[in-house]
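Notebook open, viewer running. I want to go through the ligand sites, the helix packing and the sheet, in that order.

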Amino acid sequence: MDSDPAPLLSTRAIMALQSIDPATLSEVQAFREDFARFIMPYKFGIDEISTKVSILREEFAELQDYNPIEHISSRLKSAESIEQKVIRKNCEPSFEAIRAAITDIAGVRIVCSFVSDVYRVFELLTAQEDVHVLQVKDYIAHPKPNGYKSLHVIVEVPVFLSGGPVAVPVEVQLRTVAMDFWASLEHKIYYKYDGEVPEALLRDLTAAAGTAGQLDITMEDIHRQVRGDGGAAQYALPVSV
Ligand SMILES: Nc1nc2c(ncn2[C@@H]2O[C@H](COP(=O)(O)OP(=O)(O)OP(=O)(O)O)[C@@H](O)[C@H]2O)c(=O)[nH]1
Ligand SMILES: Nc1ncnc2c1ncn2[C@@H]1O[C@H](COP(=O)(O)OP(=O)(O)OP(=O)(O)O)[C@@H](O)[C@H]1O
């Protein structure tokens, strides 16, 4: 006995689609295809940078018995987040204008053990000949007023598509574990309060950023002493760390 195939769309979705004029529907479909074509190179840009960072990480681990990179994460900006930024930046809503104005559609975050590692990984990545630096923002040397610290660099990498190479901007954020801990909590609080964070919490967050900064200094100092290249505080460490 034949049974009806399971519907691909719910009755509500079919009714909604039937009520849209076919011209609008084909416009929506065309837009979806254009958006997929627009976003694809950014995904490949993330892949390029992630591969470069993974190679550096493996090489360090193999040859130097030391790994300056704790972890790597990446994100492709969502259509909603791009839309919000287009509105916020008062950018013309065309793919061409968005491509020129929004340089963090592809994002990679590199979390390092120590501040010196952040700068070392930055130097190694940006010295590669196919990595073109467009902009650097050093929020470690110059933290934001709320205490936010990270080293940001917008790089452009070539992505080889069937039609030829395309230069894709990728935002790389480099930070320590302590900076990352602080930034992720601050991000959650900011969203929880929809940007209207109470004064007392803001004060606590700024103070916590200072504590995280102090922790980075102390940890790096201990690390240097263990490696035997000195440190600011010259106290002896107990056996193995
Ligand atoms: N948690 C947290 N993240 C931040 C903060 N400031 C910047 N970031 C992160 O860094 C990204 C880029 O920040 P910036 O380099 O300062 O760029 P911007 O001045 O905001 O400029 P646009 O990215 O063009 O809006 C943001 O999208 C966040 O992911 C902050 O105060 N707290
Ligand atoms: N370069 C990056 N690498 C990895 N993750 C990132 C990067 N930039 C942002 N993120 C993370 O992606 C998530 C969502 O980011 P989203 O694109 O919505 O906003 P944003 O880039 O942080 O802010 P804005 O749109 O104001 O520039 C957040 O968890 C954020 O921490």
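Which helix gives the most to the shell around ligand 1? I looked that up before anything else, bearing in mind that this is a predicted model. It is helix 6, residues 177–192, which puts three residues into that shell.

**Ligand 1.** I listed the residues around ligand 1 and got D104, K137, K144, N146, Y148, H152, A183, E186 and H187. Sorting the shell by character gave me four charged, three polar and two nonpolar residues.

**Helix 6 against helix 7.** Next I asked how helix 6 sits relative to helix 7, residues 199–227. Their axes come within 9 Å and cross at roughly 165 degrees. Angles over 145 degrees count as roughly antiparallel, so helix 6 is roughly antiparallel to helix 7. I noted the hand of the crossing too: right-handed.

Then I wrote down who makes the contact. From helix 6 I have A178, M179, F181, W182, E186 and I189. From helix 7 I have L201, L205, A208, A209, A212, L215 and D216. How do these divide into nonpolar, polar and charged? Eleven are nonpolar, two are charged and no polar residue turns up. I flagged E186 here: this residue is in the helix contact and also around ligand 1.

**The sheet.** In what order do the five strands run? I read 1-2-5-4-3, an open sheet with mixed pairing. The edges are strand 1 (69–76) and strand 3 (132–138), each of which pairs on one side only. Ignoring direction, I get an average turn of 25 degrees between neighbouring strands.

I went through some of the pairings one by one. Strand 3 pairs with strand 4 (residues 151–161) in the antiparallel sense, over six bridges. As an example I picked H132, whose bridge partner in strand 4 is E156. Strand 4 and strand 5 are antiparallel as well, with eleven bridges. There I picked L151, which has L174 as its bridge partner in strand 5. How many residues lie between strand 4 and strand 5 in their hairpin? I found two.

I also checked what helix 5 (residues 115–126) does. It lies across strand 1, strand 2 (106–112), strand 3, strand 4 and strand 5 (164–176). Against strand 5 it runs at about 170 degrees.

**Ligand 2.** Last stop. I found 13 residues surrounding ligand 2, the closest being R75, K77, S81, G107 and R109. Which elements each supply at least two residues of this shell? My list is strand 1, helix 3 (79–88), strand 2 and strand 5. By character, I noted six charged, six polar and one nonpolar residue in the shell around ligand 2.

Terms used
Residues are numbered from 1 along each chain as its sequence is written. Chains are lettered from A and ligands numbered from 1 in the order in which they are written. This is a predicted model: local features need pLDDT of at least 70, side-chain atom pairs count only at pLDDT 80 or more; totals for chains, interfaces and linings use all residues. A residue is near a molecule or strand if its C-beta atom, placed from the backbone, lies within 6 Å of it. Helices (H or I, at least four residues) and strands (E, at least two) are DSSP runs, numbered from the N terminus. Ala, Val, Leu, Ile, Met, Phe, Trp, Tyr, Cys and Pro count as nonpolar, Asp, Glu, Lys and Arg as charged, and the others, Gly among them, as polar. Axes are lines fitted to C-alpha atoms, for helices over the stretch in contact, and angles run from 0 to 180 degrees between N-to-C directions. Angles under 35 degrees count as roughly parallel, over 145 as roughly antiparallel, 65 to 115 as roughly perpendicular and the rest as oblique. A crossing is left-handed if the near helix is turned anticlockwise from the far one by less than a right angle, and right-handed if clockwise. Two residues are in contact if their C-beta atoms, placed from the backbone, lie within 7 Å. Two strands pair if DSSP finds at least two bridges between them.
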